[in-house]
Number of protein chains: 2
Amino acid sequence: MSELVSINGKIFKPEDALISVFDRGFLFGDGVYEVVRSYGKILFAVEDHIDRLLKSASRIDLDIGLTREEIINELYRVYNHANSDDMYVRIIVTRGQSERINIDPSQSLKPNIVVYVKSIEKSDPKFYTEGIDIVTASVYRNSKKALDPNIKSGNYLNNIIAIGEAKKKKAYDAVMTNSEGQITEGPTWNIFMVKDGRIIGPPDHSDILHGITRKILKSIALENEFKWDEKYFTVEEFKGADEAFSTGSVKEIMSIRSLDGSKIGSGKPGPVTTKLSGLYKGYIKKYCDGRKNK
Amino acid sequence: MSELVSINGKIFKPEDALISVFDRGFLFGDGVYEVVRSYGKILFAVEDHIDRLLKSASRIDLDIGLTREEIINELYRVYNHANSDDMYVRIIVTRGQSERINIDPSQSLKPNIVVYVKSIEKSDPKFYTEGIDIVTASVYRNSKKALDPNIKSGNYLNNIIAIGEAKKKKAYDAVMTNSEGQITEGPTWNIFMVKDGRIIGPPDHSDILHGITRKILKSIALENEFKWDEKYFTVEEFKGADEAFSTGSVKEIMSIRSLDGSKIGSGKPGPVTTKLSGLYKGYIKKYCDGRKNK
């Protein structure tokens, strides 16, 4: 079995994996999730992902009822059952189901835990070698004062609208701004630009998800004496960057070669982006080698 | 069979109604819905609800693949199968499912259509005779520039957080403001205040769902020579109202007797609220009688 789904611990073939239509994830997007990429048999940075899952859950008062270690063990149990290398592993925890349809979250329900082990949809290699074309979405990123992007939840319509706009314009993806016109993030990735040798990304307090790849990259950048700034920038400032790239757990680092049709820098992956990609791959290898020897 | 669920036309007992965990409603809240209340055997204002469902779907480029009439006929077919009076009828249409987990909405998928026929959770009568206590949520209502509340979708976490805050404070429910501190709406209802004989609610262009009950009430109010204003008001202005009430399809009209512990007017359902409730019930009766004779 290479691909599978576990629902509350029970293993299913993907096509047999069903959930009640009374589940609050299905009704309201009332759940949290994480996606972990495995390299070989190792779930990369799984500790960071599960810490974030627990943080997301806590932000919406969802008691998963399991410790960090219990969740990690369960992920490995399910993943090992699939017995496959290099997979996409998603965990969704919803607030559970009740036959009473009512948005009130204070009912006492048993969470539903769904784990997906799926093949990774490999991106066309040219997106790595040539960079991606993105557009500015017309919708703003959800404000953290309304629905904080740091709650990694089942509410992804803001992001879906943004990527839908990009696809209509034949772009690879979209980036969203806040209501002030400052760049926040893509629908499933953080964004950075490089200007005068400095790596610049939106600050922690902006309307973004605190990406795990973003966090790891920061530590790598600082260790390797890159200059790292966290500050807001506008679409126009971004267009004037020397390089730009996106970060995400599944797609890792991708160079951005244009925004709204304006070429960024040389229009090719720049030296900082290329260097960081290599260092990030090195970090992954070291992490996985360290776990294998355990 | 008094309660049932239909999935893509097939009827199930509620406990047997299951959907794929790859459904985009479950994964991302990527779907739209409506709730219609039936009175006797009549689905009240179903035309307005299905018009709004189609509008919500169009806003997220979801092609339901059915006309207004086909959807209404299908709702009646499922509802008549339940053969029950005075029910809660919910229709959810998601963008469908694919084994590829990817938020890109431009894939060509077949929507999943789920219809629920459930008993109405009757509210304690005292909420009608005495009014409800509400609090101001700390989260702002989603901005229409980010995720328009007029898209009645599977993304309800903003609303869930608001009502969760209210329940922690032992209040009945919460009302949300926009980032300017102006009142928008409750998690599942529109809000109005009465001041100096005028009925005042947030304007159409505010961050609210255009409620069907709100729309009907406006026509009733104007027909009966009430003064009807649509303009913004703050929490403080609301506290100085003579009366206040909420409107929603299931709960109809409920008097609001306090906000954040401040009594509104006399703290009891006021004359305008009471008059409007009666007129609204009259409107429902007329609508249903008209349909029965067809």
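Here are some notes on how the two chains of this predicted model meet and how their sheets are built.

1. Ground rules first. This is a predicted model, in which local features need pLDDT of at least 70 and side-chain atom pairs count only at pLDDT 80 or more, while totals for chains, interfaces and linings use all residues. Residues are numbered from 1 along each chain as its sequence is written, chains are lettered from A and ligands numbered from 1 in the order in which they are written, and side-chain values use heavy atoms, with hydrogens and water left out.

2. How are the two copies related? A turn of 180 degrees with a shift of 0.0 Å along the axis lays chain B on chain A with an RMSD of 0.0 Å; the superposition is by least squares on the C-alpha atoms of residues with pLDDT of at least 70 in both copies. The two copies are thus related as by a two-fold rotation axis. In chain B, Phe26(B) has the C-alpha nearest that axis, at 2.0 Å.

3. Now the interface. Chain A and chain B each bring 61 residues to the contact, where contact means heavy atoms within 4.5 Å. The copies meet through the same surface, because 100% of the interface residues of chain B are also interface residues in chain A.

4. About 5,000 Å² is buried between chain B and chain A, 67% of it on carbon and sulfur atoms. Buried area here is the accessible area (1.4 Å probe) that two parts lose on being put together, summed over both. On the chain B side, Phe26(B), Ile103(B) and Leu157(B) lose the most area to chain A, together 14% of what that side buries.

5. Polar links cross the interface too. There are six salt bridges between chain B and chain A, a salt bridge being a side-chain nitrogen of Lys or Arg within 4 Å of a carboxyl oxygen of Asp or Glu. One of the pairs between the chains is Lys168(A) with Asp61(B), whose closest N and O atoms are 2.6 Å apart. Arg100(A) and Glu121(B) also form a salt bridge, at 3.7 Å from N to O. That pair runs from the loop between β6 and β7 (112-119) of chain A to the loop between β7 and α4 (126-130) of chain B. Over all chains, the structure holds 52 salt bridges.

6. The strands join in as well. Strand β3 (residues 18-20) of chain A runs antiparallel to β3(B), with three bridges joining them; Leu18(A) has Ser20(B) as its bridge partner. Strands (E, at least two residues) and helices (H or I, at least four) are DSSP runs, numbered from the N terminus, and two strands pair if DSSP finds at least two bridges between them.

7. Within chain B, six strands form an open antiparallel sheet in the order β2-β1-β7-β6-β4-β5. Its edge strands are β2 (10-12) and β5 (42-43), each pairing on one side only. Eight bridges join β6(B) to β7(B), and Tyr88(B) has Lys118(B) as its bridge partner in β7(B).

8. For chain A, the open sheet of six strands has the order β2-β1-β7-β6-β4-β5, with antiparallel pairing. Strands β2 (10-12) and β5 (42-43) of chain A each have a single partner strand, so one side of each is left without a neighbour in the sheet. Seven bridges join β4 (residues 31-39) to β6 (residues 87-94) of chain A, and Arg37(A) stands opposite Tyr88(A) in β6(A).
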